[in-house]
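User: Hi! Could you take a close look at one part of this model, the open sheet and the helix on it, and then at a helix pair as well?

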Amino acid sequence: MSNYYDIDDILTEEEFVPVVYQKAINGVKIDESTEKGYVEQGSKTELPFWLARELHMRQAVSISVPACFNQKTRLEIQADAACVDLRSRCQYFYEFGCKLAPLCDKTIGLLLSYAFRIRYKEVLHKAHSTAFAAASKFLTLLTKEETYLYEAAQSSMAAFKKWRTGGPRLQRASILGRKRKPAE
């Protein structure tokens, strides 16, 4: 439970996924507008991922691929992954995909790998070479994970520039300044 208090992990698990009920379930309402206190087998709805995963493990529902990983998204990523607005589809695209893939569609893993490889290069390139005005538009397309990468790349570039322009290149370790005790 290392991610118990991780806000990003909590928000990832709040993403909704489409499910189909494999069993009829009593004492549950999908829609408040109905009077039925049960869900019929074959009913479709969307549930938060954390709940859908638990019901899937109990073989009560099957999870379908959400829109953020559908065929349209896959085609857009294959055409030009760097220009796809993944944030509007799923803020935690990669983390959510990693959690979802084993439960509904193993090919999501290939999609994530391909998208990340292409977009990673673009994120680093923009972080090291883009002016702030252009970067702000680019940042609106990035997922949370990619935004963290972008900020880390900018921070490392700033540290490198600071090192390069000033300060001593090599520093003597404090331990080297001490004299040894003579051997007896």
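Analyst: Happy to; here is the sheet, followed by the helix pair. This is a predicted model, in which local features need pLDDT of at least 70 and side-chain atom pairs count only at pLDDT 80 or more, while totals for chains, interfaces and linings use all residues. Residues are numbered from 1 along each chain as its sequence is written, and side-chain values use heavy atoms, with hydrogens and water left out.

Helices (H or I, at least four residues) and strands (E, at least two) are DSSP runs, numbered from the N terminus. The open sheet has three strands in the order S4-S1-S5, with antiparallel pairing; strands pair if DSSP finds at least two bridges between them. Its edge strands, S4 (44-48) and S5 (61-63), each pair on one side only. On average, neighbouring strands are turned by 45° against each other, direction ignored. S1 (residues 16-21) pairs with S5 over three bridges, and Val 20 has Ser 62 in S5 as its bridge partner.

Helix H2 (residues 49-57) packs on this sheet and touches S1, S4 and S5, where contact means heavy atoms within 4.5 Å. The direction of H2 makes about 115° with that of S4; axes are lines fitted to C-alpha atoms, for helices over the stretch in contact, and angles run from 0 to 180 degrees between N-to-C directions.

Now the helix pair: H3 (residues 71-80) and H6 (residues 108-129) pack at about 30°, with axes 10 Å apart. H3 is therefore roughly parallel to H6, a term for angles under 35 degrees. Arg 74, Ile 77 and Gln 78 in H3 meet Ile 108, Leu 111, Tyr 114 and Ala 115 in H6.

Key
Angles under 35 degrees count as roughly parallel, over 145 as roughly antiparallel, 65 to 115 as roughly perpendicular and the rest as oblique.
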